[in-house]
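I have a fresh notebook page and a structure to go through. I will jot down what I look up, one entry at a time.

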Amino acid sequence: MSEALRPGRTFGDVVDAMRKPLHTADGWEFRPSIHALNPMIALSGFPADTSRKMAGAEAYPPEVDHPMLSGDMELEPGMTFALEPNYAFGQHLAYLGGTVIVGEDEPIELNPYTARILRAAGTPSCSVY
């Protein structure tokens, strides 16, 4: 994905790069996986058929497709994007992501820890009554 989020590429290139491993693993998109923060005109969208893959979804009205917005927008240094890959595999759903700026040569990740599962260790500092 970091190869796609570079000056001269398009927003659609980034969306395609994010979706490639998802489709390879037979997963599905739960909601938009990337959107622009600066400028606020781009959104990955998501296909409507994803809601039909969840148990019990048939009880609700079907959704319409949510198309990508600004897929042909060329990336420039300084543009900022929120990556929220909301992907599901079977009955398992994962939300990971972070904020990334298009740099002069490569993406600048602002908060790398939000894209990782962190483990806490230690004992509580207060007692429970």
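**Entry 1: a polar contact in helix α1.** Before looking, I note the rule: a polar contact is a pair of N or O atoms within 3.5 Å, and within protein one must be able to donate a hydrogen and the other to accept it. I also keep in mind that this is a predicted model. With that rule in hand, I looked up D13, which sits in helix α1. I found its side chain reaching the backbone nitrogen of T10 at 2.9 Å, so the pair falls within the 3.5 Å cut-off. D13 is partly exposed, at 24% relative accessible area. I then checked how D13 stands to D72: 59 residues separate them in sequence, while their C-alpha atoms are 8.5 Å apart.

**Entry 2: the aromatic pair.** How many aromatic pairs does a search of the whole structure find? I got 1. The partners are F11 and F81, with 5.7 Å from centre to centre and 20 degrees between the planes, and the pair is stacked. I wanted to know what the pair links. F11 belongs to helix α1 and F81 to strand β3 (residues 80-83), so the two rings tie together parts that lie 70 residues apart in sequence.

Are these two rings buried or exposed? F11 is buried, with a relative accessible area of 1%, and F81 is buried as well, at 0%. Both values fall under the 20% cut-off for buried.

**Entry 3: the core.** I next looked at the largest nonpolar core, which has 18 residues. Those touching the most other members are L5, F11, V14, I34, L75 and F81, so I meet both rings of my aromatic pair again. Which elements give two or more residues to this core? They are α1, β2 and β3, and α1 gives the most, with 5 residues.

I also listed the contacts of F81, leaving out residues up to four places away in sequence. Among them are L5, F11, I34, M73 and L75, and also G98, T99, V100 and V102.

**Entry 4: the sheet.** I traced an open sheet of 3 strands, in the order β1-β4-β5, with antiparallel pairing. Its edge strands are β1 (28-29) and β5 (92-95), each pairing on one side only. Between β4 (residues 86-89) and β5 I found 4 bridges. For one specific partner, I looked up A88: its bridge partner in β5 is L93. Helix α1 (residues 11-24) lies across β1 and β4, and runs at about 10 degrees to β4.

The loop between β4 and β5 holds G90. G90 is partly exposed, at 47% relative accessibility. Its C-alpha atom is 7.3 Å from that of G27, although the two are 63 residues apart along the chain.

**Entry 5: backbone oddities.** A reminder to myself: most residues other than glycine have a negative phi, and most peptide bonds are trans. Where does this chain have a cis peptide bond? I found one joining N38 and P39, with omega about 0 degrees. P39 is in the loop between β2 (34-38) and β3.

S70 lies in the loop between β2 and β3 too. It has a positive phi of about 65 degrees, although it is not a glycine. I noted its accessibility as well: S70 is partly exposed, at 24%.

Conventions. Residues are numbered from 1 along each chain as its sequence is written. This is a predicted model: local features need pLDDT of at least 70, side-chain atom pairs count only at pLDDT 80 or more; totals for chains, interfaces and linings use all residues. Side-chain values use heavy atoms; hydrogens and water are left out. Two strands pair if DSSP finds at least two bridges between them. Contact means heavy atoms within 4.5 Å. Axes are lines fitted to C-alpha atoms, for helices over the stretch in contact, and angles run from 0 to 180 degrees between N-to-C directions. Rings of Phe, Tyr and Trp (its six-membered ring) pair if their centres lie within 6.5 Å; planes under 30 degrees apart count as stacked, over 60 as edge-to-face and the rest as tilted. Buried means under 20% relative accessible area, exposed over 50%, partly exposed in between (1.4 Å probe, protein chains only). A nonpolar core is a set of buried Ala, Val, Leu, Ile, Met, Phe, Trp, Tyr and Cys residues joined through side-chain atoms within 4.5 Å.
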